[in-house]
Amino acid sequence: MNAFILYMVFQTRIGHPYLGIIIPALIFGISFILTYLLIRYFNKDKS
Amino acid sequence: MITFQFLDWFWLILFALLMVYFGAYFYRLGKRSQSDFFLAGRGLPWWLPASSVYATHTATDTPIWVAGVVYKYGLTGLWYAFFSAWCAVSAFISTRIFRRSLAYSQAEWQSLRFGGLGSELLRGWLAGWQVFMNMFILGWVGIAMGKLCNMIFGWDLWIGLIVFTTIGAIYVLASGYWGVVMADFQQGIIALLIIIIVSVWGVLAAGGPQEIFNRLNSYNSTAEWKTPNINTSAIIRIKDPDSGKILVKSQKFLISENISDEKIHKDELKIHNIIKTKNSDIELKILFPKNNDILRSNYGYKIVWASGRTGDHVNIDYSIDNEKSWSKIAVNHFDGQAWRLDLFSFTGTFEGQFPIAWFITMMIIALIGGFGMGTSIDWYPEAQRIQSAKSVRDASYSIWAGSALVLIRNAIWAGAIIGFFVIYPGLGNSSSYEMAWYKIGFDYLPVGLVGFLFAGVLAIHLSTVSTHLNLGAMYATRDFYHHYINPEADENKLVNIGRLATFILLLGSFIFGMIIGEEITSWLIFALWIMAAGVWLPNILQVIWWRFNSWGYLSAWIANLGLSWLIVWILPSFGIIPDLPDYLQFWTLIFLNALVYLPVTYLTKPENMDHLVEYYVMCRPIGFWKPVKNEAIRKGLIKK
């Protein structure tokens, strides 16, 4: 915690601000699709 | 503290809802039976338990202690986490034996392997121990989350501990292991991707791979030193380890307890710059501390000296009595910083911070440990995943693949930590550099990705706490309630008891978390390494040697509890034995414990032969089982 205040002095964000939308959206999409497929897999398995 | 923007909160809340909803979605499957609530009906394809193995063993404290060892020891520190490789052997040996038994838990397996009163005592003992251990693990990963939230949001430790563990408990209470393993699948994907992203950012922040290499080759030499807890003047010297010749002495400096946090921050900033500034003098000099410096007592610093002026290694000592006596700071310590990129930067056979003897010990633990069950505390959650796989083959694949991912993950993390070192090389206090991976992420990722990073941290946290809540509840329900209290309980009752046990574990974990507080790494090394040492060999013997009996195993456990505290804490603090390095503690405990359990085993009767034959036919163990095998053949139960 102490040293963290010091680090903030150096703080520099790297990358285009759009990356904060594109990357999480992509991962959310992948995660959502795989989740859906998994639910379908078990529903099929049950029937 | 970090200010979250709208986009950060948006991603965090969206991912959190997805994870909790998905976990709770399997509510109907989880409540069907005890087998569903604790093992997902034993019908999972290998890739689901594999993702669960990976997700479970990626907790909020894991980047803290991986950062701690990699920042301190360079890439060599990765070997500290190599014990996970026991799974590579276990996948084809103990995993298969355990899956064939159909036991829910390790405690239940032991009641199949052993018989009689000893077996019953052992089952109760192990079940109680596992309830305690799961509560303890929940406490330590919970407090790691508390520490992180304190750093990010400025919250008190207890807030992060309670809020985020409770979120995990929601879907464990609803769906049991179905919820755990399904949410783990999703959380594993999120966690792996965020780990890769932060590591890429860490390497970029340090200037890229080539720049990291160049800068490590140009930095001055450092050694970590925790100052003595005393107000005094001190002096440091550097010696040649081969000839014993004194190469250089520092100027006299002061150590005082009255040093403010601001002064510490200024000093750390100064040390960063001293390490990074190439020294043009030809002569060897100690660059920090110097005669105007005042260091805080009982605090970690980096000693800095000009690199390239000594041999490959140096010994470093300090004196606080005008050079009448000297105490060690480091032995065979490396000159320069390039050694940090070497996976095999040994400091000697037995000397220094990374001796070959330590490495050999870790290799033995990792590779031979796979023949046993419980040789690592990770075995217990793994055992649940093994039993949830739909076949012996699926169980093998899941353990192998999940652990391979764990080892790959550590290597990815190391990239970010080395990048962090290049940016901030002057930290000597472990609680500062242990947060390296998180700091890289929160300092350098753009808005939106910071919120996603916290969602990844939440995924990491939830996957671990959900596992340990369900696992501890399984021992409480299956091995205590169902076995000892109410063997006639129906499936509905058992599921409800499982939920009650989950809730009690949740409350217990809060208490443990507040007890552990901030000393995470030292607790972890003790729990992972030393507490397992004395029972490491008995855990193998129970699998591979027919003559080893329940009394031998039970005595090993009890003896180890006393001996581990004696060897690690009590005897050294009274000066009866020296402070041993951790690998020597391990071998000492192995030897001393054997003096207890081997006589106990031979002085008590072997397990009943009929019981052993039944176990042998079911599980087909490897090793020294000839008398049992012969008896099974004689009875016509197996072919010759």
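Which residues does the domain assignment of chain B give to domain 1, and which to domain 2? Let's take this predicted model one piece at a time. Domain 1 of chain B is written as two segments, 6–207 and 353–533, while domain 2 covers 221–336. If you place a point at the C-alpha centre of each of these domains, the two points are 39 Å apart. The domains do touch: nine residues of domain 1 of chain B are in contact with 13 residues of domain 2 of chain B. On the domain 1 side of that contact you will find three nonpolar residues, five polar ones and one charged one.

Now zoom in on a single residue, Ala16(B), which sits in helix α1 of chain B, spanning residues 6–25. Is Ala16(B) buried, exposed or partly exposed? It has 17 C-beta neighbours inside 10 Å, and because a buried residue needs 20 or more and an exposed one 12 or fewer, Ala16(B) counts as partly exposed. Beyond its neighbours within four places in sequence, Ala16(B) is in contact with Ala455(B) and Leu458(B). Ser398(B) is 382 residues away from Ala16(B) along the chain, and their C-alpha atoms are separated by 26 Å.

Finally, step back to see where the chains meet. Chain A brings 27 residues to the contact and chain B brings 37. On the chain A side, the elements giving two or more residues are α1 (2–10) and α2 (19–46). Of these, α2(A) gives the most, with 14 residues. Sorted by class, the side of chain A that touches chain B holds 19 nonpolar, seven polar and one charged residues.

Conventions
Residues are numbered from 1 along each chain as its sequence is written. Chains are lettered from A and ligands numbered from 1 in the order in which they are written. This is a predicted model: local features need pLDDT of at least 70, side-chain atom pairs count only at pLDDT 80 or more; totals for chains, interfaces and linings use all residues. Domain bounds come from an automatic or database domain assignment. Two residues are in contact if their C-beta atoms, placed from the backbone, lie within 7 Å. Ala, Val, Leu, Ile, Met, Phe, Trp, Tyr, Cys and Pro count as nonpolar, Asp, Glu, Lys and Arg as charged, and the others, Gly among them, as polar. Helices (H or I, at least four residues) and strands (E, at least two) are DSSP runs, numbered from the N terminus.
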